[in-house]
Amino acid sequence: MDKNKVNYFFATYNRFPIHIDYGDGVYLFDIEGKKYLDFFGGLAVNSLGYNDADIRRAITDQIDKYIHLSNYFIQEPQQQLAKLLATHTGYKKVFFTNSGTEAIEGAIKITRKWGIPSGKSEIIAFSNSFHGRTLGALSLMDRNKYRDGFGPFLPNCKIIPFNDPIVLEKTIDENTAAVFLEFLQGESGIIPATEKFIVTLKQLQNKYKFLIVADEIQSGIGRTGKLFFFEHFDINPDIVVVAKALGGGLPLGAILGNNSVADILTPGTHGSTFGGNPVACAAGVAVLNKIINERIMENAERIGKYLFHHLHELQKKYPAIIKYVRGTGCMIGIELDRECTSIVTTMREQGILINCTNTNVIRLLPPLIIKEEHVDHFIKELKQILSSLK
Ligand SMILES: Cc1ncc(COP(=O)(O)O)c(C=O)c1O
């Protein structure tokens, strides 16, 4: 890359030293023609890989009609996507956003307003979770890495340990308006909720009547073999927030709500200029139709098991280096005994893109369309690197 280039950006991103030219299927190609197998997946956005023909067609067809209309107008792509979401999830109401953090903000507003008549105002969230970068979302997180220097945060938000049913029981009471959680924590290293924790949460909800908000921004839209990760448990959250994969690469998120919150937002109480952009929603319709109708979730589940099997074999071979392999479907964390940045760098040099989260966890978020041959290639390269480590 040109070393003399002026850096115009706030220093928010540590960019990779590669310059992508284009993507095709599960591969990215840089401007020098080097090919990368993508197990990074745009951090869970590129579920259908790159240049998917149906997404491209949906986008270009919509661009030919209109690119933007104010939300004062009824828009066909929004109608179609809302109907698809409601039909396949059972949720009654949808609000479209541009991003995950905006969906969280909207959900916070809904839960606050919902709690007013019964005097409930407290929101409970969990340690090591990640809900976004806006101040409301940061108020539900405890990691200094994201929060330091940006306070003060929202009042009446309590962060307690994840997967600790005893603390949960001690904390929740009649003042609890909502509990926000990632049933499968992503940024913190792919940590699933335990069955006992979710059973306790449900019992407490029956007793105290509060809202459960599932953050499915990273784990949702088929990534774990089901439309939402929480479906692996026997629970129906009142609100679900999604984003990332929903727009097929265009900025799109959504808040889904059940009957208990269906009447909370009234005209003018919430809104967004761009939220539910018709081009993004048209892409969303193509994404959902494909994921649901073309057995993409089944592939995510099947290939996830294949990947797990091979990672467990690697763990048996290198037990001192690989501590845990966690996750479901195509959302997998490999916890190492060491920082993983150098492994990520070497893999990239070998033509495979992966991500390191929480310093020592290799996070795999491949497109849901990967096949055995891609997993075999990934495992072969990872094995080679592990064999060279002390
Ligand atoms: C679980 C979770 N929630 C919320 C967000 C925030 O989404 P966005 O970056 O679209 O604002 C993310 C992003 O990584 C996420 O993984």
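Me: What is the order of the strands in the open sheet of 7 strands, and what is its pairing?
Reply: In this predicted model, the order is β4-β12-β11-β10-β7-β5-β6, and the pairing is mixed.

Me: Why is one side of β4 and of β6 left without a neighbour in that sheet?
Reply: β4 (93–97) and β6 (157–160) stand at the edges and each has a single partner strand, so one side of each has no neighbour in the sheet. As for the twist, neighbouring strands here are turned by 20° against each other on average, direction ignored.

Me: How do you know that β5 and β7 count as paired strands?
Reply: Two strands pair if DSSP finds at least two bridges between them. Strand β5 (residues 122–126) is joined to strand β7 (residues 176–181) by 3 bridges, and the two run parallel. I124 is the residue that stands opposite V179 in β7.

Me: Which helix packs on this sheet, touching β4 and β12?
Reply: That is helix α3 (residues 76–89), which touches β4 and β12 (253–257). The direction of α3 makes about 130° with that of β4.

Me: Which helix does α3 cross at roughly 35°?
Reply: The partner is helix α9 (residues 278–293), and the two axes come within 8 Å. Here α3 passes α9 in a left-handed crossing. On the α3 side, the contact is made by P77, Q78, Q80, L81, L84 and H88, and on the α9 side by P278, C281, A282, G284, V285, L288 and I292.

Me: What makes up the contact of α3 with α9, by class?
Reply: There are 9 nonpolar, 4 polar and no charged residues in the contact of α3 with α9. Glycine is counted among the polar residues, and G284 of α9 is one of those in the contact.

Me: Why is α10 called roughly parallel to α12?
Reply: Helix α10 (residues 296–317) and helix α12 (residues 372–387) pack at an angle of about 20°, with their axes 10 Å apart. Angles under 35 degrees count as roughly parallel, and that makes α10 roughly parallel to α12. The crossing of these two helices is right-handed.

Me: Which residues make the contact between α10 and α12?
Reply: From α10 come I303, Y306, L307, H310 and L314, and from α12 come E372, V375, I379, L382, K383 and L386. By class, the residues of this contact divide into 8 nonpolar, 1 polar and 2 charged.

Me: Why is α11 called oblique to α12?
Reply: The axes of helix α11 (residues 341–349) and α12 come within 10 Å and cross at roughly 130°. Angles over 145 would count as roughly antiparallel, and 65 to 115 as roughly perpendicular, with oblique covering the rest above 35 degrees. That angle makes α11 oblique to α12. The crossing of α11 and α12 is right-handed.

Me: Where do α11 and α12 meet?
Reply: I343, T346 and M347 in α11 meet E381, L382 and I385 in α12. The contact of α11 with α12 has 4 nonpolar, 1 polar and 1 charged residues.

Me: In what order do the 4 strands of the other open sheet stand?
Reply: The order is β1-β2-β3-β15, with mixed pairing. β1 and β15 (352–353) are the edge strands, each with a single partner, so one side of each is left without a neighbour in the sheet.

Me: How do you know that β2 pairs with β1?
Reply: Pairing takes at least two bridges, and 4 bridges join strand β1 (residues 20–24) to strand β2 (residues 27–30), which run antiparallel. G23 stands opposite L28 in β2. The hairpin of β1 and β2 has 2 residues between the strands, and G25 takes a positive phi near 60°.

Me: What joins β2 to β3?
Reply: There are 3 bridges between β2 and strand β3 (residues 35–38), and the strands run antiparallel. Y27 stands opposite L37 in β3. β2 and β3 form a hairpin with 4 residues between them, where G33 in the turn has a positive phi of about 90°.

Me: How many residues surround the ligand, and which are the closest?
Reply: There are 14 residues around the ligand, and the closest are G100, T101, G132, I217 and Q218. The shell divides into 4 nonpolar, 7 polar and 3 charged residues.

Technical notes:
Residues are numbered from 1 along each chain as its sequence is written. This is a predicted model: local features need pLDDT of at least 70, side-chain atom pairs count only at pLDDT 80 or more; totals for chains, interfaces and linings use all residues. Axes are lines fitted to C-alpha atoms, for helices over the stretch in contact, and angles run from 0 to 180 degrees between N-to-C directions. A crossing is left-handed if the near helix is turned anticlockwise from the far one by less than a right angle, and right-handed if clockwise. Two residues are in contact if their C-beta atoms, placed from the backbone, lie within 7 Å. A residue is near a molecule or strand if its C-beta atom, placed from the backbone, lies within 6 Å of it.
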